[in-house]
Amino acid sequence: MPNIKSAKKRVLVTDKKNGLNRSTKSEIATAKKKFLLAVENKQVEEASKLFREVVSLLDAAARENVISKNCASRNQANLAKKLASLNA
């Protein structure tokens, strides 16, 4: 346990940020699962709607430095490929 006041504050801030980051990552994972399920069931309209939602979540997470820009971009590209294969 820290003794210095600023160190105590850092512990609190870190715990709070850690919780927010976990929540954001969990939300992204859930949205991706829903999208992949829609692709698996060949639901084109539902999948395209969920794709926009996942891309939005990934962009927001990258802006907030929860995940890196490259990670967000890579995930979006992979999901776009799946959506394109569904439309083809």
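These are my notebook entries on two helices, a core and one asparagine in a predicted model.

**Entry 1: the length of α2**

I began with helix α2, which covers residues 44–63. I wanted to know how its span compares with what 1.5 Å a residue would give. For its 20 residues the expected span is 28 Å, and I found the end C-alpha atoms 29 Å apart, which agrees. Just past the helix I stopped at Asn65, which follows α2 and has a positive phi, near 60 degrees.

**Entry 2: what α2 buries**

Next I looked up which residues of α2 are buried. My list reads Ala47, Leu50, Phe51, Val54, Val55, Leu57, Leu58, Ala60, Ala61 and Ala62. I then asked what covers them, and the cover includes α1 (5–40) and α3 (69–87). I picked Val54 for a second look: setting aside residues up to four places away in sequence, Val54 touches Ala31, Lys32, Phe35 and Leu79.

**Entry 3: the core**

I turned to the largest nonpolar core, which has 21 residues. Which of its members touch the most others? They are Phe35, Ala47, Phe51, Val54, Leu58 and Ile67. The elements giving two or more residues to this core are α1, α2 and α3. I noted that α2 supplies the largest share, nine residues.

**Entry 4: the two sides of α3**

Helix α3 came next, with 19 residues. From first C-alpha to last I read 27 Å, close to the 27 Å expected at 1.5 Å a residue. Its buried residues are Cys71, Ala72, Asn75, Gln76, Leu79, Leu83 and Leu86. Looking down the axis of α3, I saw these buried residues fall within an arc of 125 degrees, so they line one face of the helix. They pack against α1 and α2. On the face turned away from that buried side I found the exposed residues Lys69, Asn70, Lys81 and Ser85.

**Entry 5: Asn75**

One name on the buried list of α3 made me go back: Asn75. Why does Asn75 count as buried? Its relative accessible area is 17%, and the cut-off for buried is under 20%. I then checked what its side chain reaches, and found the backbone oxygen of Cys71 at 2.9 Å. Cys71 is itself on the buried list of α3. Leaving aside neighbours within four places in sequence, Asn75 is in contact with Lys32 and Leu58. I had met both names before: Lys32 is among the residues that Val54 touches, and Leu58 is one of the buried residues of α2.

Note on methods. Residues numbered from 1 in each chain as written. Predicted model: local features only at pLDDT ≥ 70, side-chain atom pairs only at ≥ 80, totals over all residues. Heavy atoms only, no water. Helix = DSSP H or I, 4+ residues; strand = E, 2+ residues; numbered from the N terminus. Expected span 1.5 Å × (residues − 1). Buried < 20%, exposed > 50% of the residue type's maximum accessible area, 1.4 Å probe, protein only. Contact = heavy atoms within 4.5 Å. Polar contact = N/O pair within 3.5 Å; in protein donor to acceptor, adjacent residues only side chain to side chain. Core = buried A, V, L, I, M, F, W, Y, C linked by side-chain atoms within 4.5 Å. Arc of directions from axis to C-beta.
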